[in-house]
Each structure stands twice: as structure tokens, then as C-alpha cells.
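Hello,

Here is the structure I promised to pass on to you. Have a look at it first, and then read my notes below.

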Amino acid sequence: MGKKMRIDKVLSNLGYGSRTEINISCKKGLVAVNGNVIKKNSTQVDPENDEIVFNGEKINYRKFIYLIMNKPAGCISATTDKWDQTVIHLLDREQIAFDPFPVGRLDKDTEGLLVITNDGKLSHRLLSPKKHVPKTYYAKIDGVVTNDDIEAFKEGVVLDDGYETMPGELEILKSDDISEINLTIHEGKFHQVKRMFESVGKKVVYLKRIQMGKLRLDEELELGEFRELTKEELELLETK
Ligand code: URA
């Protein structure tokens, strides 16, 4: 048997309306549990095992939500912000009802792969400094990126605050006045990619995360778009 919860909490968590709206729906006879209409919004149900029908639709209860977003520049990867739009503002009511949060931070001007969930354990596993989950970024760099930079990043570079980074794998896609690269790092210091390039005298002019662990950005997602992770993708996230 699963945990019992009030029916109005279950339905409002799933985005079917506010607790007040659910109360009205119950009074109208729109809510049924195991085939019986229930009129009291305080009725205790076992959402994992009871069959709950709302307005003729069988609900699919789950505790956790896992989203993949192609984060656009200009919005903050946090749940709230005083001044700017956050990634949570890009979601719909159904997802917001789960109280999701972004897994880690991308800078305001960084685009790309962001996982959004309400699963604190998964988030912790992906972010824990001990796990060294790799993250790959595509970047455009103002300056000619060279093999010396590959070697420097392989050794680990010293950032502006004296921190020595772990080895990172730099791949040069185009070496020119504006170079293009992929960089994989195994930690997540503040502005790490930008500061690694600063340490070799170069400036990141565009940054996009393309992979986290084994999960790749779905390039079919437009900037600002999101979708639920598939079961396979969720499994990929769980494996290092
Ligand atoms: N490194 C950065 O400099 N910025 C990000 O947003 C992510 C990694």
C-alpha cells in the first residue's frame, strides 16, 4: 500500500486546479475514486494504487517529474528571481504544480541542456562534487584555440581565484579568429568554462551545454522548449 493523501492535494499537485477549484469539482460530483463519486475534498486516497477519475479522465499519478529543456539566453536557471524571467516561468501549470527546480546552474547568457525535476536525490547525484558527472559544452571563442590549449586543459588550469581545475577534454572544431570547440569538464565551478578560457587569454563569446552525463541535448527542442525525459533518457542520467 502507498502513502495516503488528501484527494484535493493529489489533484492540485497534478495541475488539475487549485485546492478551492478541486473542492468545487468534488461538490459537482466530478471526482471518483475506485468507481465511487466522492464529494468531500478531504477524502484520503492512495494515489499510487487507487483509480482516480477527474472529469471523466483517469489520472496518472506520479511523484516526480523529469524535464529536459533547451534553455534560452536571457533567463535565469533558478526557481525565482527578483528581476529576470526564470526557466520555471517557461513551464506550464501542470509542471509547475510539481514544484520543480533546475538541476544546477547555467549562466543567464548560456543556452542548452537543462534538466528540471523535483527529485532532490537525482539532482544531488548529478551535482555532487564527488561524482564528477561530466558536462560537455559547445562554445565560440574569441581567439585562435590551439593544441597548447588542449594540453593546458588536459593538465588542469589555474583560475583567477587560484583554483586548479581537474583535467578537461578540449576538442577543436574550428580554429580561427572566432574558434569553435567542445569542452568536457568534470566539475562545476562558477563560470567554469569562461574562466578556463580566460586563464589561457581567450574569451567565450557563445556557450551552450550539449551533454550532461550520458544525456544529450535534444537538438529538436527549440530554445525555451522542453519535454518530459523518456524512460531511456532517465536511465542514461542515472548511469555515469
Ligand atoms: N561554465 C560557464 O562559464 N558558464 C555556464 O553557464 C556553464 C559552465
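**Around the ligand**

A backbone N or O atom of His191 lies 3.3 Å from an oxygen atom of the ligand, which fits the definition of a polar contact (a pair of N or O atoms within 3.5 Å). Another ligand oxygen atom contact involves Thr110, with an N or O atom of its side chain at 2.8 Å. For Val193, a polar backbone atom is 3.1 Å from a nitrogen atom of the ligand. On its own the ligand exposes 240 Å², and the protein buries 95% of that (accessible areas by the Shrake-Rupley method with a 1.4 Å probe).

Please keep in mind that this is a predicted model, where local features need pLDDT of at least 70, side-chain atom pairs count only at pLDDT 80 or more, and totals for chains, interfaces and linings use all residues. Residues are numbered from 1 along each chain as its sequence is written, and side-chain values use heavy atoms, leaving out hydrogens and water.

Which residues are around the ligand? They are Leu106, Asp107, Thr110, Tyr137, His191, Gln192, Val193, Lys194 and Leu207 (each has a heavy atom within 4 Å of it).

Where does the ligand lie with respect to domain 2 and domain 3? Domain 2 (66-129 + 215-238) and domain 3 (135-212) both give residues to the shell, so the ligand lies between them (bounds from an automatic or database domain assignment).

Enjoy exploring!

Conventions. Polar contact = N/O pair within 3.5 Å; in protein donor to acceptor, adjacent residues only side chain to side chain.
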